[in-house]
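Colleague: I have a few questions about the terms you use. Shall we go through them one by one?

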Amino acid sequence: MSSKEQPLVGVRVIDLADELGELVGRLFADLGADVVRVESPAGAASRKHAPLHDDESLAFGFRNAGKRGIVLDLESAEDREELHRLLAGADVLVESFAPGRLAQLDLAPADLCARHPHLVVTSFSPFGSFGPYKDWIATDPVLSAVGGLMFKAGIPSKAPLIPPAHLAGDAAAVTAAFATATALLQREQTGRGQHIDFAAVLGVAQTADWSYPNASISRKSEAAYPEVRAGSGPVYTIYRCKGGFVRLVVLSPRQWKALWEWMGEPEEFADPHWEQFINRLMAADVLTPAYEAHFAKMTMEEVSAEAQRRGIVCTPVLRPEEVLANEHLISRKTFVETALPSGASAPMASGFIEMDGTRQGPRSAAPTLGQHTSAVRSESVAPRPAAAAPATPAAPFAGLRVLDFGIGGVGVECARLFAEYGADVIKIESRTYPDFIRTVAGSEMSTSFVSSSRSKRSFGVNLKSVEGRKLLLELAKQSDFVIENSSTGTMDSLGVGFEDLKAVNPRIVMVSSQLLGAHGAWADWIGYGPSTQPIGGLVHLWNYDDQEEPAGSTAIFPDHLAGRVCAFAAVAALLRRERTGEGAHGEVAQIETVTGIIGELLWKAAFEPGSVRPRGNRNDAGAPWGAYRCAGEEQWCVITVRDDADWAGLKRALGSPAWADAAAYDTAEGRHAAHDEIDAALHAWTRERDRLAVCEALQAEGVPAGPMFTAGDQMDDPHFQAWEYGRTIHQPELLASFDLEGPAFRATGMIDVFVDRAPALGEHTRDVATSLLGLSDAEVDALLASGALEGPPAPAEEA
């Protein structure tokens, strides 16, 4: 345990977010900020959000834990002045009003920034403040559908699956928290705040793994790129065992050999032909029955434990109650007894981040309505200082140096954000142990690697050599931040763990992200990001309500999201370094990204065991609610009716058909009871219409609806284009120009993101060695010859 103060102690946040974006303030509160949640006299709309326990919202309790709560009536001039008084002594304002609504209250974001030039104002809206969909209303299913999380989930014979909980909006909120913290760090240099215009749908799209660039390069090269759901897919496949299911991943020849030996070395699979993944992929219909026969007498825990012992990636598919009782998560204290505003309590997923060995989670229950109004109103406010003149927009991380040890999708995504916003990011790698995403396509460059390692430099170094380690430590002396997501203990074993780096640079910040965390009963388990989905309960809950076998998703979740949690943790630690001069070691267990993102459902299971089950596309939040087939092949939309007003709007959009006039449909209870018959009538209407036409008609009547987009659809969509989401680069090794994902926000104090090609392995080794490490060319040549350093691949000889 550390005695260091939390990273965001001293930061004050005024939180006006309601329904959407509430996790932004929660993340700040987790890391020590004083977050004041402002509600209207009627209370926040989210206080009524499902899931409920004894009529109390777990959704509100989860996202507002650790905050203080006050009541202000922003329709009142007197209360608006009280808000201004609070903003004078605050650092951040987070709001989720519809674009233009604050201006109607004389609180336009630009005016707030002018009156309070020190203030960072984060406007978190579904589609941002401009573009064709800026006025659209969105529920979480709408964000999931348009943002690209939905089209990969489910099986072809059934509808695509909406993710459980508020997964999409909360994933976007993590990126918004990163953006907000980045603006605070930039204020340390400029003395000025700024306005962040955040489009949640783009934040969702950024966490939909590498779909966008892969669709783009496939289109440019006229290659097929399937964008139809395929269950759990051919890589992260789910298999049946005794009484349950496991996710088994067998990619390398070594993993295959270990599995074959475990199966008793069956003669029919003895040929070296089976060592190649592509050959096993083509014979899945033969191998699946063989695997499941071998697992038939073992429970999911037994299968997973023995597989891990043999070096095979395997994890059990746990139900919510099993997640809460899991020995590893208990050993990590992932769940902490937490109260609702009423005082009722149960174990809740507590925090996404550890800092210097201490979990960063809520320190109090969510507030009752107006609980702290008197105290906050009576507090004296010391106005925050601000520079007299506005700062010229700049790259917020200019002058920072980052060492990127990332592999796969977590560390590299964290470092990518730093590179895009101006840091000198140096990717540390070698051909002996390359980033497997670099080599996944059979060469030293892949589309996915380009996406996550754009705009970086590459330093090829063999850390197992004495000389290589010495050079790395010299580089660390000149660096600010290190990100790594290697297997537990790898960095320490190489002599470049946090204590090693801290010894040469006490100001260095490091963030580590291991699969299941660096401590706990299963800390040495191996796997990939999607290996955490089963343990965290996501695979079980992201399923249809009429089948036992998990439907699965091919999404590489939570890699990109965990990378953004790491980035937020890093910026928070850098903010503390500005204050104290001390470095820090942050840790983000990828499993806790999963348990946190569905935390409200796991909390419900803790309060009411057995109450949380797969719901398919239905939800207690309203009815009708789900995915509806539209005209065309695999064209779908989501429609979410939250209340009676939405139902009336839906009826108008449909032309007030006679079937919708049934008296039973006039109440939420009646619509839930008649969900099947309402769905049948809705499907008959949507199947004859274009998905966008359906959504436009419903949105015009105030009903949240959205088209289900694939990555290819996003490329062609006018809203994504208005935000310039696609950013074209040319990657010589792939002989192609194609589009990468752009940013999810615009900020008045930041220049546009820097998006350039990804480096060849070792491309910048000589430059880094000479310009930063002071080596001569002759010394570099000698180190290259010895293998301590590695340079770029030799140019191909012309025929």
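Colleague: What makes β9 and β10 a pair, and in which sense do they run?

Modeller: This is a predicted model, to begin with. Two strands pair if DSSP finds at least two bridges between them. Five bridges join β9 to β10 (residues 244-249). That meets the cut-off, so they count as paired. The two strands run antiparallel. One bridge puts C241 opposite G244 of β10.

Colleague: Which helices pack there, and which strands do they touch?

Modeller: Helix α12 (residues 284-295) lies across β9 and β10. Its direction is at about 40° to β9. Helix α13 (residues 300-309) packs on the sheet and touches β9, β10 and β11. The direction of α13 makes about 155° with that of β11.

Colleague: What is the strand order in that sheet?

Modeller: The order is β9-β10-β11, an open sheet of three strands with antiparallel pairing.

Colleague: Why are β9 and β11 said to stand at the edges?

Modeller: Each has a single partner strand, so one side of β9 (237-241) and one side of β11 (313-316) are left without a neighbour in the sheet. From one strand to the next, the twist averages 30°.

Colleague: Now β21. How do you know that both its faces are covered?

Modeller: Take strand β21, residues 584-587. A584 and G586 are on one side, H585 and E587 on the other. All four are buried. Buried means under 20% relative accessible area.

Colleague: Which strands pair with β21, and in what sense?

Modeller: Strand β14 (residues 353-355) pairs with β21 in the antiparallel sense, over two bridges. The cut-off is at least two bridges, so β14 and β21 qualify. In β21, G586 is the bridge partner of M355. Strand β20 (residues 509-512) pairs with β21 in the parallel sense, over four bridges. There, S512 has E587 as its bridge partner.

Colleague: Why is V121 called buried?

Modeller: V121 has 0% relative accessibility. The cut-off is under 20%, so V121 counts as buried.

Colleague: Where is V121 found, and what is it in contact with beyond its neighbours within four places in sequence?

Modeller: V121 is found in strand β7 (residues 120-125). Leaving aside those neighbours, V121 is in contact with L93, P109, L112, C113, Q194, H195 and I196.

Colleague: How many residues lie between V121 and F405 in sequence terms, and what is their separation in space?

Modeller: V121 and F405 are 284 residues apart in sequence. In space they are 33 Å apart, C-alpha to C-alpha.

Technical notes:
Residues are numbered from 1 along each chain as its sequence is written. This is a predicted model: local features need pLDDT of at least 70, side-chain atom pairs count only at pLDDT 80 or more; totals for chains, interfaces and linings use all residues. Side-chain values use heavy atoms; hydrogens and water are left out. Buried means under 20% relative accessible area, exposed over 50%, partly exposed in between (1.4 Å probe, protein chains only). Contact means heavy atoms within 4.5 Å. Axes are lines fitted to C-alpha atoms, for helices over the stretch in contact, and angles run from 0 to 180 degrees between N-to-C directions.
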